[in-house]
Amino acid sequence: MGGWSVTVFGVLGPKDSAGGMVGEEAFEARAPSPTGSSSANSAKSRIALMFHGVGDVPSGIPAAERPYWISKSFFREIVDLVRSREFEHEVVLTFDDGNSTDLFAASELVQAGLKGHFFVLAGRMGTPGYLDSVSAREIVQAGMEVGLHGHSHVNWRANHSSDWKREIGEARS
């Protein structure tokens with residue numbers, strides 16, 4: 001059974017250099033490579049770099065999510081690093097929440113010859129600061145993968161049965 005196999009070595013924040021990492025945690029799974037290779041039998045483990053937003057934070061983004069945004073220049077520095085160096089681990093680039101800046105990120109990845117995995121929140125699609133269905137299709141047409149991150153940005157550990165129906169069932173439709 002295929003699934004995500006990722007090794008996470010840390011999180012880069014706005015004050016970190018693109019070569020520095022903070023924290024260390026690991027877990028195993030299988031994932032496509034950032035360059036599009038889908039060799040599920042690859043012995044190389046993966047590092048996942050997860051992004052939330054790139055560039056200026058639109059006014060509609062909740063205050064709790066604003067610290068997780070990075071500048072465009074820092075993002076370009078990370079993309080250049082991933083593109084230009086050979087790492088012991090394969091690097092997978094993911095983007096959460098379906099922010100409108102994902103269009104910029106996808107464009108930068110295309111220019112670098114890399115692939116990204118974008119996870120949208122269905123309940124936010126089409127609202128100010130977030131992707132709409134046309135934008136999500138543009139990202140797919142650019143060669144990226146788009147998946148579902150649920151309906152709303154909620155704590156899934158505290159969900160009630162009605163929350164699960166919305167987060168999984170309604171979000172897919």
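Gly113 follows helix H2 with a positive phi, near 75°. Gly113 sits in the loop between H2 and strand S5. At 46% relative accessibility, Gly113 counts as partly exposed; buried means under 20% relative accessible area, exposed over 50%, and partly exposed in between, with a 1.4 Å probe and protein chains only. The C-alpha atoms of Gly113 and Arg83 are separated by 7.5 Å, although the two residues are 30 apart along the chain.

This is a predicted model, in which local features need pLDDT of at least 70 and side-chain atom pairs count only at pLDDT 80 or more, while totals for chains, interfaces and linings use all residues. Residues are numbered from 1 along each chain as its sequence is written, and side-chain values use heavy atoms, leaving out hydrogens and water.

**Positive phi values**

| Residue | Place | Phi |
|---|---|---|
| Gly113 | after H2 | near 75° |
| Gly143 | just after H3 | about 95° |
| Asp97 | residue other than glycine | near 90° |

Most residues other than glycine have a negative phi. Asp97 lies in strand S4. At 1% relative accessibility, Asp97 counts as buried.

**Overall layout**

The protein chain has 4 helices and 6 strands. Helices (H or I, at least four residues) and strands (E, at least two) are DSSP runs, numbered from the N terminus. Along the sequence the pattern reads β-β-β-α-β-α-β-α-β-α. Of the 173 residues in the protein chain, 41% are buried. Contact means heavy atoms within 4.5 Å. Among contacts between residues at least 6 apart in sequence, 63% join residues at least 24 apart.

**H2 against H3**

Two packed helices are described by the angle between their axes and the distance between the axes. Here H2 (residues 102-112) and H3 (residues 133-141) have axes that come within 10 Å and cross at roughly 10°. That makes H2 roughly parallel to H3. Angles under 35 degrees count as roughly parallel, over 145 as roughly antiparallel, 65 to 115 as roughly perpendicular and the rest as oblique. Axes are lines fitted to C-alpha atoms, for helices over the stretch in contact, and angles run from 0 to 180 degrees between N-to-C directions.

Which residues in H2 meet H3? They are Asp102, Leu103 and Ala106, and they meet Ser135, Glu138 and Ile139 in H3. By class, the contact of H2 with H3 has 3 nonpolar, 1 polar and 2 charged residues.

The buried residues of H2 include Asp102, Phe104, Ala106 and Leu109. The buried residues of H2 pack against strand S2 (53-54), H1, S4, S5 and H3.

**The faces of H3**

Ser135, Ala136 and Ile139 are the buried residues of H3. Seen down the axis of H3, they fall within an arc of 100°, so they line one face of the helix. The arc is that of the directions from the helix axis to the C-beta atoms. These buried residues pack against H2, strand S5 (116-120) and strand S6 (145-148). The face of H3 turned away from its buried side carries exposed Arg137 and Gln141.

Asp132 caps the N-terminal end of H3. One of its side-chain oxygens lies 3.2 Å from the backbone nitrogen of Val134.

**His89**

His89 lies in the loop between helix H1 (72-84) and strand S4 (90-97). With a relative accessible area of 15%, His89 is buried. A polar contact of 2.4 Å joins its side chain to that of Ser45. Such a contact is a pair of N or O atoms within 3.5 Å; within protein, one must be able to donate a hydrogen and the other to accept it, and residues adjacent in sequence count only if both atoms are side-chain atoms.

Technical notes. Ala, Val, Leu, Ile, Met, Phe, Trp, Tyr, Cys and Pro count as nonpolar, Asp, Glu, Lys and Arg as charged, and the others, Gly among them, as polar.
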